[in-house]
Structure formats: C-alpha cells, structure tokens
Amino acid sequence: MSKKSTSSAGRKKAAGSAAQSKRKPGAQIIVDTLIEQGVETMFGYLGGVVLPLFDKLYDAPINFIIPRHEQGGCHMADAYARATGKTGVIIATSGPGACNLVTGLATAMMDSVPLVALTGQVRTALIGNDAFQEADTTGITRPITKHNCIVKDVRDLRRTIHEAFYIASTGRPGPVLIDVPVDVEVAECAPKDDNEFKLAGYKIQKKGHSRQIKAAAKVINESKRPVLYTGGGIISAGASEQLRKFADKAHLPVTMTLMGLGAYDQHRDESLDMLGMHGSAYANYAVQECDLLIAVGARFDDRVTGNVKSFAPNAKIIHIDIDPTSISKNVGVDIPVVGDAGYILGKLSEQIEYQPRKEWFEKISAWKSKFPFRYDDSPNSLKPQYVIEEIYKQTKGDALITTGVGQNQMWAAQFYKFSRPRQLITSGGLGTMGYGLPAAVGAQAGQPDALVIDVDGDHSFNMTMTELSTAVENKLPIKVCILNNGYMGMVRQWQQLFYNKRYSKSYLQNPDYEKLAKALGAEGITVDKKKDVPGAVEKMIESDGVFVADFRVEREENVWPMVPAGKSLHEMSGLDILESMA
Ligand SMILES: Cc1ncc(C[n+]2csc(CCOP(=O)(O)OP(=O)(O)O)c2C)c(N)n1
Ligand SMILES: [Mg+2]
C-alpha cells in the first residue's frame with residue numbers, strides 16, 4: 001500500500017471539514033471516527049477507564065449491544081462481521097475487561113475475521129506501575145491480533161483508528177486492537193484531516209503474477225483428476241460467484257473446509273462437501289487420488305490434511321491465496337499464486353477449457369453412493385443427526401447456522417447443506433466452545449431478517465449461556481438447539497476410541513435448559529422422544545422470540561467418518577459402520 005490512504009472512509013472525510021478543525025476530546029474523536037467508518041452496530045462493556053468514551057456514545061447514532069461478558073461481546077462482534085462482511089467493533093475496559101477479550105480475539109485471528117477492538121487503559125503516567133485494573137493489553141494480545149498498538153497522543157487517534165479498520169479488513173483479514181489510556185480519551189485536539197497512513201511495510205498483492213496464472217491454467221487444462229479445495233478465503237474475498245463460474249467452466253469437483261462451507265452450493269452435483277478429519281469419504285478419497293489439487297483461500301490446516309507427508313500424494317498443487325505467508329507453510333506447493341481469490345479465479349477462467357473428465361466423475365459418484373453421510377436412524381432413539389436433518393428440512397436449507405464446538409459442530413457441517421456464503425458461522429481454527437450462542441446474537445444483529453439458529457453442544461452452551469439475556473434484551477429472536485448428550489461428546493468419543501472407554505471427567509450435570517431459558521425471558525422446550533422433534537422444530541421456527549430447544553439426544557453417538565490424528569486422509573475409521581447402515 002502506498003502511504004496515501006486508500007480507505008474510502010479515510011478519504012471521504014479529508015479536505016478540512018469544519019467538524020475536523022474544532023477541538024474535541026479523544027473520546028469524541030473515537031466516536032466520530034467510528035461513524036466515519038460507517039459503524040452502525042457495535043458491542044462493548046463498561047468500566048472506569050472507558051467512561052469518557054461511553055459518555056460520548058450516549059448520544060451517538062450507533063446501535064450498541066452490551067453482552068454479559070466481554071468474551072461474549074467479542075464473539076458477537078466477530079459473528080456480526082462474518083454475517084455482514086463489515087468490520088466488527090468491540091469495546092472493553094482495561095485489565096479484566098481487556099483480558100476477557102483474549103479468547104474472542106484469538107478466535108477471530110484464527111478464522112481471519114475483520115474486527116477492531118478498542119480497549120481502555122490506565123492513565124499514561126501510571127502505565128507500568130501495577131495500577132488498579134492495569135494489564136499489558138498490547139503485550140497480551142500481540143500474538144492473537146493481526147496488529148495492535150497503544151495511542152499515547154490524542155493527535156494520533158483518528159488516523160490510528162482509520163488504519164485499524166484498513167488493516168483489519170484488507171489482505172487476509174484479522175482483528176486489530178487499539179489501546180487508549182484514559183487521559184488520551186480526555187485530552188483535546190483538533191483532529192487533523194490528514195489521511196496519510198503510516199503503514200510502510202503493509203502491502204497487499206491483489207492481482208497475482210500473470211506467469212503463475214498462465215502456468216496454473218495450463219496444468220488445469222491438462223489434469224485428468226483435479227480437485228478444487230476451497231476455504232474461508234473465498235467467503236472473505238466475496239468470490240463465491242467467481243468460484244462457481246470457474247468450477248463450471250473447467251468442470252471441477254469442489255470440496256470445502258469447515259470455514260469454506262457455503263462458498264459453493266452443496267446441492268450441486270460437483271460438490272464433494274467438507275473434507276478433512278470428519279469430512280466426507282468421497283472428498284477425502286478424491287483428494288488422495290487427484291492428480292491436481294487447486295487450493296483457493298485455504299491454508300492446509302492439520303484438521304484438513306491429516307498426515308501432511310501423505311497428503312494428496314499424486315497431485316501437483318496450485319495454491320491461490322492473498323496471504324503470502326500461508327504459501328508452502330504446511331504443504332509444499334508447485335504453483336503459488338498470491339492475490340485476491342475473485343480476481344485470480346476470473347483471470348484463470350479466461351484461460352481454461354471445459355474437460356468432460358468422465359472417468360473421474362464416475363469414480364467420485366461411486367464413492368458418493370457408497371459412503372454418504374448417514375446414521376442409524378432407529379425409531380426408538382433420538383439421534384442428533386436427525387435433529388439437524390429436521391431443522392434443515394423445515395428451514396428449507398435457508399437458515400443461518402452458528403455452532404458450538406465438538407460433535408454438534410461436525411454434525412451441523414455434515415447434515416445441513418449450505419448454499420450461500422456467510423450461512424454457517426462457526427469457530428474453525430481455534431475451536432472455541434461457547435462461540436455458538438454469542439455468535440448467533442451477533443449474526444442476528446447483522447442480519448435482522450435471517451432465521452438464525454445456534455446448533456449447540458450442551459457443554460459449549462454452558463460456557464456462555466448468560467448471553468441469552470443479551471438476546472432477550474435486544475429482541476434478537478435467535479433459536480438455540482442444544483444437542484444435549486450430557487457429555488463433552490467429542491472428548492468422550494476420543495476417550496472411547498483411544499483411551500479404552502475411560503470417560504474421565506467428560507460428563508457434567510446440566511441445568512434444566514427449558515427452565516433456564518424461561519428464567520432469562522426466553523421460551524423453552526424439552527424434547528426427549530424422536531416423534532416430538534418435528535413439532536418442536538416447527539414451534540421453534542414459528543416463535544417470534546428467543547427460543548431454546550433442549551434435545552435430549554442419544555448419549556454415545558459418534559461422528560463418522562473420522563481420520564484419526566496422524567493418519568492419512570484415506571485412512572478413515574468408521575466406513576464399515578457407515579456401510580453397515582446402508
Ligand atoms: C473453550 C474450550 N475448552 C475446551 C475445548 C476442548 N473440547 C473440544 S470439544 C469438547 C466437548 C464439547 O462438548 P459439547 O459442547 O457438549 O459438544 P458435543 O461434542 O457433546 O456435541 C471439548 C471439551 C474447546 N474446544 N474449547
Ligand atoms: Mg455434549
């Protein structure tokens with residue numbers, strides 16, 4: 001990036017407007033700059049050193065949502081960003097407030113979510129003195145933010161906030177934290193109309209190298225058994241349409257990572273659904289047997305690759321990504337193309353030809369019919385997969401789904417078919433239990449007309465359930481489906497398979513969720529029979545308010561298939577079990 005700002009918001013407000021030449025306190029500058037950035041909804045929690053800022057927020061035309069815990073607020077801002085494509089904003093006070101953001105920032109960092117966090121800090125003169133509620137926020141959050149800084153001079157405030165939005169939302173997106181000592185919120189200056197960014201080392205390569213693009217097109221045209229492996233980068237780049245056109249034109253099967261679900265319509269024949277540890281057998285086999293793997297906006301995470309040494313052993317690999325540091329990080333690639341996914345897929349589409357690849361597609365379709373996702377659907381037991389299928393059926397595949405972490409998350413990924421980007425909001429990289437509920441709140445704030453359903457695990461829900469109050473208070477009519485197996489189910493599955501069924505500490509007593517929901521002002525229902533599931537789902541969908549459905553599901557159900565840690569993608573366990581259900 002050149003030193004000149006390319007941020008439209010930065011440019012828009014330049015040119016010496018009267019508003020910018022009047023002296024005002026830092027707190028007002030923060031609010032004005034957020035409004036310049038187009039912030040309409042934000043999240044945050046109060047505390048001593050952010051009081052000057054909250055005083056200015058009192059009159060600001062911003063929809064402000066207060067969570068019950070800063071972690072919840074950070075997940076809300078993150079999911080708001082994932083649901084809208086805008087940058088989420090979260091405010092917290094110094095010390096405990098800022099520390100409570102840690103899990104949320106790390107979650108956003110791992111999943112490349114654009115977020116700006118503003119934290120209050122103790123007075124500049126007190127920094128380093130173990131002052132009341134002092135924590136080294138920039139130190140603590142350095143490895144879990146894309147960028148962070150402390151502003152010690154009020155004259156730097158406006159530019160720094162514009163820079164934060166720019167950094168958070170460009171290139172590979174991520175969270176940016178700005179720490180503001182309370183005396184800087186109070187100090188006054190006339191915010192300069194300077195839109196000069198001071199970001200010398202921050203450069204984004206958008207267009208990719210034309211020679212690399214040409215080389216990629218050549219191998220795609222020559223490939224007999226290609227697989228397109230797509231990740232969350234397609235969604236953050238807004239490149240789903242270009243992906244579909246590219247895949248159609250070259251005639252390619254498409255698999256998605258957990259983060260990529262929704263980037264390509266799973267109802268299409270060419271969809272191989274999710275790959276990886278709990279991915280489809282057909283995606284995993286296809287990757288292991290392909291002669292060309294085209295990775296776009298994906299980072300070869302270990303949950304996707306299994307044993308990297310034997311990952312896609314027969315394939316040439318093309319890797320298209322905006323982040324040069326992710327190229328050949330985990331798996332060596334043959335043709336790297338650094339740039340914007342949409343732009344590069346568009347360029348590639350000009351240079352590729354349709355190939356029938358009949359034998360390859362026949363092989364894939366045989367795997368698909370032999371190993372679909374399935375479960376033993378006996379009439380007497382309430383299976384978690386059945387609950388998700390019923391939700392899918394009754395919502396006609398159109399709901400926005402958030403999840404907890406564990407089996408619930410994997411079943412949501414396997415049994416709900418996603419057709420549009422930003423339809424699944426889940427913590428992929430960090431795998432943060434407790435994400436689902438606050439994420440539903442943030443997503444609903446960002447997409448008020450969507451039917452937002454949190455498919456959650458009981459213990460994931462337990463971690464942040466207090467945010468039900470936030471949903472009720474703000475009239476955000478989210479639905480929560482708890483797949484209540486009593487266990488930390490995914491942990492129990494590992495204990496069953498790898499620790500000789502010694503279920504050490506993975507069972508906890510749960511509250512009565514229906515009563516809990518009612519106590520917090522939501523509706524609630526308990527379902528313990530399979531035959532009651534359709535009625536309960538219907539009631540939930542028809543409800544206008546916040547609704548919690550507690551599905552007491554089969555307790556020892558497992559997620560299949562499964563690539564055990566350290567194994568190769570084709571060495572899946574559970575295929576015999578899936579086959580026996582045919
Ligand atoms: C904050 C956090 N702590 C611990 C874990 C480790 N972990 C992964 S899945 C899981 C169990 C999840 O239980 P539950 O939410 O009930 O989901 P289930 O697997 O039963 O569907 C645990 C403890 C985690 N991912 N996140
Ligand atoms: Mg559970």
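Biologist: Which residues does L228 touch, not counting residues up to four places away in sequence?

Modeller: In this predicted model, L228 touches L243, F246, A247, L252, P253, V254, T255, I294 and V296, with residues up to four places away left out of the list. L228 itself belongs to strand β9, which spans residues 226–230.

Biologist: Is L228 buried or exposed?

Modeller: A residue is called buried when its relative accessible area is under 20%. L228 has 0% relative accessibility, and therefore counts as buried.

Biologist: What is the general idea behind a nonpolar core, and which residues touch the most other members of the largest one here?

Modeller: In soluble globular proteins, nonpolar side chains tend to be buried together. Here the largest nonpolar core holds 100 residues, and L293 and F551 touch the most other members. Helix α14 (residues 281–289) supplies the largest share of this core, six residues.

Biologist: Where does this core lie with respect to domain 2 and domain 3?

Modeller: The core lies between them, because domain 2 (210–370) and domain 3 (384–566) both give residues to it. As for F551, its contacts beyond four places in sequence include V387, C481, I482 and V537. Another core, of 43 residues, lies apart from the largest one; F43, L101, A517 and V546 are among its residues.

Biologist: Which protein donors does the magnesium ion (ligand 2) have?

Modeller: The protein donors are D458 (OD), N485 (OD1) and Y487 (O), at 2.0 to 2.1 Å from the ion. Along the chain, the donors follow the spacing D-x26-N-x1-Y.

Biologist: Are N485 and Y487 buried or exposed?

Modeller: N485 is buried, its relative accessible area being 6%. Y487, at 9% relative accessibility, also counts as buried.

Notes: Residues are numbered from 1 along each chain as its sequence is written. Chains are lettered from A and ligands numbered from 1 in the order in which they are written. This is a predicted model: local features need pLDDT of at least 70, side-chain atom pairs count only at pLDDT 80 or more; totals for chains, interfaces and linings use all residues. Side-chain values use heavy atoms; hydrogens and water are left out. Helices (H or I, at least four residues) and strands (E, at least two) are DSSP runs, numbered from the N terminus. Buried means under 20% relative accessible area, exposed over 50%, partly exposed in between (1.4 Å probe, protein chains only). Contact means heavy atoms within 4.5 Å. A nonpolar core is a set of buried Ala, Val, Leu, Ile, Met, Phe, Trp, Tyr and Cys residues joined through side-chain atoms within 4.5 Å. Domain bounds come from an automatic or database domain assignment. Donors are N, O and S atoms within 2.8 Å of the metal (3.2 Å for Na, K and Ca); water is not among the atoms, so sites may look incomplete.
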